[in-house]
Amino acid sequence: MPDSCVVANDRKLAEFFNRHQIDIPVKIILPILIGHFLHLDICDRFIYISGRLPNGLYKKCLWDVAFLFFYFLVFTFLRAAAMEYILKPLSVYLKVPRGKKLRFAEQSWLVVYYSISFCSGLAIFYNSPTWNDTSYFWRNYPVWEMKGYFKYYYLLQFAFWIQQPFVLQIEAPRKDYTEYMIHHINTLLLISLSYCCNFTGVGNAVFVSMDLPDVLLCLAKTLHYLDYGLICDATFLAMVISWMYTRVYYYGRIIYSTYTEPEVYVPQFKLDPVNGFWFPHFVKYVILILMLGLYILIIFWTLMICKVVYRLVSNTGITDVRSDDEDESDEVEPTPVKNNSNLLAPPPIKRKRYVQHHL
């Protein structure tokens, strides 16, 4: 089959799922909820975490797959429903330009999700021993028993990231598709490995370090669509600062800890699933390779951001410089300077699409 036919068929399939993001999940979610209200135990396995131990803590179990599947559908439904019935009408009320309404809804949904996930993850991280000491990523390994709220947090994050490649497939084509897909696959591999191999303390720290810049970046985009110039600029600058600290510096510390500290604190490198040991020595290097793959993307995007920030500063302003992140064109035509008081409007220049390059 010619490549053009394959692409066309893939696009048709993506358009089909795009049109049915609400009704298909509802057809699966609703029977599970009905089964729950009829007290069918098997339905509860989809809705609630499983693996409760006599001491009140939780372990991993095969029913986690059912939980992930159910909340993959829930996130798909919530995203589509919130965009269609809340965020798109809100964009009309706020007079977002017609061509930006969909992107406004997408980014607003991400602001909501990342805000909740960051605050939840930060509360867990702050109250854990890993907050001030990276050695606790590895001390007392394996820590395979989890509190209920932590298991909910980790699996819900897992389900959200399972959904992200699907979202990427059904969205309008984007020029940074390859980078995003590499990022999503890398992230899913890290989450899977950290959960299955009992490295959830490290995973929590990575989630927190990634979520804060995403909150600010998505918020900056929504403000840009609303043409809130100065507030948008301030949010973007806050995003740059948070990006440098959490993604470049702190995530780098996590990688350094992964490279240097397991040999010091892990009692024994071995594969012993019965006792929770999923850490033969080569696993350390698998984790490092995946972490470094993600870090390479972060450094690549950081260099692009620094380059753009330099251009913005050298052009006396940043209000009109951000590109229309997911639009088809890389070209932005800023408002021409009409008088000397409009100092924030730089001359038209061709700019790279950088705002969309986030993790």
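How many of the 26 residues of α8 are buried? The answer is 22, so helix α8 is mostly covered. The legends below all refer to a predicted model.

**Figure 1. The whole chain, for orientation.** Welcome to the overview before we zoom in. The protein chain folds into 11 helices and two strands. Read from the N terminus, the order of elements is α-α-α-α-α-α-α-α-α-α-β-β-α. The chain has 359 residues, and 51% of them are buried. Take the contacts between residues at least 6 apart in sequence: 75% of these link residues at least 24 apart.

**Figure 2. Helix α8 from end to end.** This close-up follows residues 200-225, which form helix α8. With 26 residues at 1.5 Å a residue, α8 should span 38 Å, and because its end C-alpha atoms lie 37 Å apart, the model agrees with that expectation. As for its surroundings, 22 residues of α8 are buried. After the helix comes D227, which has a positive phi near 65°.

**Figure 3. Helix α2 and its packing partners.** Helix α2 covers residues 23-37, 15 residues in total. From first to last C-alpha it reaches 21 Å, close to the 21 Å expected at 1.5 Å a residue. Its buried residues are P25, I29, I32, G35 and H36. These buried residues pack against two other helices, α3 (41-47) and α4 (63-93). Following α2 is H39, with a positive phi near 65°.

**Figure 4. Where α5 crosses α6.** Here helix α5 (residues 101-126) meets helix α6 (residues 148-170), with axes that come within 11 Å and cross at roughly 150°. The crossing is left-handed. On the α5 side, the contact uses L110, Y113, Y114, S117, S120, G121 and I124. On the α6 side, the partners are Y149, F150, Y153, L156, Q157, F160 and W161. Sorted by class, this contact of α5 with α6 contains 10 nonpolar, four polar and no charged residues.

**Figure 5. A closer look at F160.** Staying with helix α6, we now centre on F160. Is F160 buried or exposed? F160 counts as buried because its relative accessibility is 0%, below the 20% cut-off. Setting aside neighbours within four places in sequence, F160 is in contact with F75, L110, Y113 and Y114. V74 is also worth finding in this view: F160 and V74 are separated by 86 residues in sequence, yet their C-alpha atoms are 9.4 Å apart in space.

**Figure 6. The largest nonpolar core, with F199 in focus.** The largest nonpolar core has 83 residues, of which F199, Y251, I254 and M291 touch the most other members. Helix α11 (residues 281-314) supplies the largest share of this core, 14 residues. Which residues does F199 contact, leaving aside its neighbours within four places in sequence? They are W138, Y141, Y154, L193, S194, F279, V283 and I287.

**Figure 7. Helix α7 against α11.** The axes of helix α7 (residues 177-196) and α11 come within 10 Å and cross at roughly 145°. As α7 passes α11, the crossing is left-handed. From α7, the contact draws on E179, I182, H183, N186, T187, L189, L190 and L193. From α11, it draws on V286, I287, L290, M291, G293, L294, L297 and W301. By class, the contact of α7 with α11 has 11 nonpolar, four polar and one charged residues.

Note on methods:
Residues are numbered from 1 along each chain as its sequence is written. This is a predicted model: local features need pLDDT of at least 70, side-chain atom pairs count only at pLDDT 80 or more; totals for chains, interfaces and linings use all residues. Side-chain values use heavy atoms; hydrogens and water are left out. Helices (H or I, at least four residues) and strands (E, at least two) are DSSP runs, numbered from the N terminus. The expected span of a helix is 1.5 Å times one less than its number of residues. Buried means under 20% relative accessible area, exposed over 50%, partly exposed in between (1.4 Å probe, protein chains only). Contact means heavy atoms within 4.5 Å. Axes are lines fitted to C-alpha atoms, for helices over the stretch in contact, and angles run from 0 to 180 degrees between N-to-C directions. A crossing is left-handed if the near helix is turned anticlockwise from the far one by less than a right angle, and right-handed if clockwise. Ala, Val, Leu, Ile, Met, Phe, Trp, Tyr, Cys and Pro count as nonpolar, Asp, Glu, Lys and Arg as charged, and the others, Gly among them, as polar. A nonpolar core is a set of buried Ala, Val, Leu, Ile, Met, Phe, Trp, Tyr and Cys residues joined through side-chain atoms within 4.5 Å.
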